[in-house]
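Biologist: I should be grateful for a close look at one part of this complex, namely chain A and the places where it meets its neighbour. Please set that part in the context of the partner chain as well.

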Amino acid sequence: MGYVAIRGGESAIAAAARLLDVLRAQAGGDPIGVETIRHQLGRLVDRVCGEGGCWHPQLAALAIKQASGDTLEAAFLLRAWRSTRPRLSATAPHRGTDLRVVRRISSAFKEIPGGQILGPGSDYLQRLFSYELLDEDPDKFRAIAKDFFGEEWPGRGTDSASDTVPKVLDALRAQGLLAQPRPPLPAVDITREPITFPCPRPAALAAMTRGESGGLLAMAYTTMRGYGYLHPTVAELRYGFLPIMLPHPVSGELVEAGEVPVTECEIVTLHGKDDPEDAPPSLGLGYGCCFGHQETKAIAMAMCDRSLQNGAQHGVRHPAEDGEFVLMHIDGIESMGFCSHYKLPHYVTFQSDLDNLRKSRGKLDHPGAAEAVFTDPEQIPDGDEL
Amino acid sequence: MTAASTSSTVSAANTGAGDHFGFLDAFAKRELRRASFKALCIPGYQVPYASREMPIARGFGTGGLQLSLSLLTPEDTLKVIDQGADDSVNAVNLRRFILATCPGVAATTRTTAASVIQTRHRIPETPLHAGQIMVYQVPFPDPLQIIEPSEAKRRRMHAEVDYARLLVRLYEDLVRFREVAITNRYPARVAGRYVIDPSPIPRWDLPKLNRSHAIHLFGAGREKKIYAVPPMTTVEPLAFSDVPFQVEAFTDDEGGRHRCARCGAGDSYLDEIVLPDGGRRWQCNDQDHCDSHREESLR
């Protein structure tokens, strides 16, 4: 039996796709270049890579172009592509100390080993429009990097100006104010094993690092506004390049396969600690790490991590301490998909609702009126007899 | 080929899956098949699985889609329906994705001719026969979700056959509305043990599951669960001995039953169509059933 032509739907889908394409092109002008998106909309690319669960800035830029800048759609495109890739191998745990930092700050101490490195950041900018960007001169644009890097540009970027520095946490640990690192739990690949509850911390961290930035922020913000206040301090926030070490296929020795930009955040909290109950009071730790330069997301993740650990240790008292509540609701691809599905036809279920409503009203208006469809559950006919 | 059709056409070349029959890689298919077997062995039990991201959005049938892709062989004949119709946009979209990634699989709109039927919200009116597999797209796999938000607690309740709160909910509905206000996704006990959410099929369809000859597989992609009703298994809607389960009545103003304005059927689930003049007409929801009924009456 060959393909059966189906009426209606096929041409409607094609027309909808065409109109979408028209929307992006109807104003004329030049098509936006994927490389332009990748470099000039870098934070958007970082976000899409993070939520897409895959560091592929070129495809992320394509996704942004294809989705006309819709971050949820773009991350979905990348995630759908990612799920078709085989898992080639797993790396050994990587350490944040190996991060070559471009920026690192601590709000816990004024002076830290390795120094505060402000690096690129918008925290202390006045958010006033730079109207000159409305019509930017290409020569002036190219002069920005050339003036900064000198003759070495092009070919040199901020990544080559970075180095490793010690962690602020190490100083706290040396003083006994923070628990020593626990032996790492086995990593959980949440794309291959479903999350079940109670959820091991590696799975929770994996879910959060690819969580939707706004969703994760909302959860973290609840803890900041009193729904399980953490009393947090940013021990360290760093952004830089993490060398990815893979075992060599022949020798098995670890070799650097490349590097990914990541933002890593460690918060310490006065309330909540990792030591056993009978140990003297110490600080609690919350950890966040995500692709690219996404400081708000990394901090939010660290807050949620601490909050979830508090819930696991002391019982859930606040929404953000509940693993199911946080982890099942921060995934952008799943929540966006399900939210969109309400646009699908629901004629059948709504018809059933209406029938129920009419029956219910009829009975309330005319109590005692006759009713019978199936009077005995035993007499419900077998499915194939209907 | 025009630009518009390029962007809307799915082919094996641009799905990113390379040469995989059925889009999914072998590991994903193995996991799905194992979960399906387990689900058939423990009727009604929700088997967790990893659930891959598909190029179709969550909520649009990714659970059913993954099941279909893991089940289909080139000898199969596929029917895809959404709201009882083969030509609704979501059904069309899912069907063309499956056909593009499963070369050899034939498509049909005839319920009787299909070996695999993927559906959203309906069970065909035409009786199913042995050898057929129904694949349901499931938004909420757990019938206890309406009374308990925590999955950890729900799993425990299922393990302990603790459905008391669900029955209390039905009772409270009767007191408040004189009706159980669960209209679709009506909870049903499978093989006397697990209570399932039969997916948002209307009550009308629920009795069709009872001792059906076909295999019924339920896939929840977003919630990452697979469950099943094996052939010839009892499926009983939750009810009270003095308040029996009822299906949609489609009662007209005279107390009779609405009939299909197209084929005249008085024994099918109906769509209510609001006319421009404010009037209403009723029509079969199951498109294939309506067509077949019309052909028969014309013969």
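Modeller: The account below begins with confidence, proceeds through chain A and the contact between the chains, and closes with chain B.

The model is predicted, and the predictor assigns the complex an ipTM of 0.84 and a pTM of 0.87. For chain B the mean pLDDT is 91, with 94% of its residues at 70 or more. An exception within chain B is the stretch of residues 1-13, where pLDDT stays under 50. For residues 1-13 of chain B the model has 20 contacts beyond four places in sequence, and these should be read together with that pLDDT.

Chain A is assigned two domains: domain 1 covers 15-82, and domain 2 covers 96-120 + 161-333. The C-alpha centres of domain 1 and domain 2 of chain A are 28 Å apart. Across their contact, 13 residues of domain 1 of chain A meet 13 residues of domain 2 of chain A. On the domain 1 side, the elements that give two or more residues are α3 and α5 of chain A. Of these, α3(A) supplies the largest share, with 7 residues. By class, that side of domain 1 of chain A has 6 nonpolar, 2 polar and 5 charged residues.

Helix α3(A), residues 42-52, also packs against helix α4(A), residues 57-66. Their axes come within 9 Å and cross at roughly 105°. An angle of 65 to 115 degrees counts as roughly perpendicular, and α3(A) and α4(A) are therefore roughly perpendicular to each other. From α3(A), the residues taking part are Leu44(A), Val45(A), Val48(A), Cys49(A) and Gly52(A). They meet Pro57(A), Ala60(A), Ala61(A), Ala63(A) and Ile64(A) of α4(A). The contact of α3(A) with α4(A) has 9 nonpolar residues, 1 polar residue and no charged residues. Helix α3(A) thus appears in two settings: it meets α4(A) through a contact without charged residues, and it gives 7 residues to the side of domain 1 of chain A that touches domain 2 of chain A.

The strands of chain A come next. Strand β1(A), residues 100-105, is joined to strand β2(A), residues 232-247, by 5 bridges, and the two run antiparallel. Within this pair, Arg103(A) has Tyr239(A) of β2(A) as its bridge partner. Strand β2(A) is also joined to β3(A), residues 254-269, by 15 bridges, again in the antiparallel sense. Here Leu237(A) stands opposite Cys265(A) of β3(A). Strands β2(A) and β3(A) form a hairpin with 6 residues between them. In the turn of that hairpin, Gly252(A) has a positive phi of about 80°.

The contact between the chains involves 62 residues of chain A and 75 residues of chain B. On the chain A side, the elements that give two or more residues are α1 (9-25), α5 (71-82), α12 (332-341) and α13 (347-365) of chain A. The largest share, 13 residues, comes from α13(A). By class, the side of chain A that touches chain B has 29 nonpolar, 17 polar and 16 charged residues. Helix α5(A) is listed for this side and also for the side of domain 1 of chain A that touches domain 2 of chain A.

Chain B is divided into domain 1, 8-145 + 173-237, and domain 2, 251-299. Their C-alpha centres lie 26 Å apart, and the contact takes 13 residues from domain 1 of chain B and 7 residues from domain 2 of chain B. The domain 1 side of that contact divides into 4 nonpolar, 5 polar and 4 charged residues.

Chain B also has an open sheet of 7 strands with mixed pairing, in the order β1-β9-β8-β5-β4-β2-β3. Its edge strands are β1(B), 47-48, and β3(B), 106-107, each of which pairs on one side only. Strand β2(B), residues 77-82, runs parallel to β3(B) and is joined to it by 2 bridges. One bridge partner pair here is Thr77(B) with Ala106(B) of β3(B). Helix α3(B), residues 62-71, packs on the sheet and touches β4, β5, β8 and β9 of chain B. The direction of α3(B) makes about 150° with that of β5(B). Helix α4(B), residues 89-101, packs on the sheet as well, touching β2, β3 and β4 of chain B.

Notes: Residues numbered from 1 in each chain as written. Chains lettered and ligands numbered in written order. Predicted model: local features only at pLDDT ≥ 70, side-chain atom pairs only at ≥ 80, totals over all residues. Contact = placed C-beta atoms within 7 Å. Helix = DSSP H or I, 4+ residues; strand = E, 2+ residues; numbered from the N terminus. Nonpolar A, V, L, I, M, F, W, Y, C, P; charged D, E, K, R; others polar. Pairing = 2+ DSSP bridges. Axes fitted to C-alpha atoms, helices over the stretch in contact; angles between N-to-C directions. Parallel < 35°, antiparallel > 145°, perpendicular 65-115°, else oblique. pLDDT = per-residue confidence, 0-100. Domains from an automatic or database assignment.
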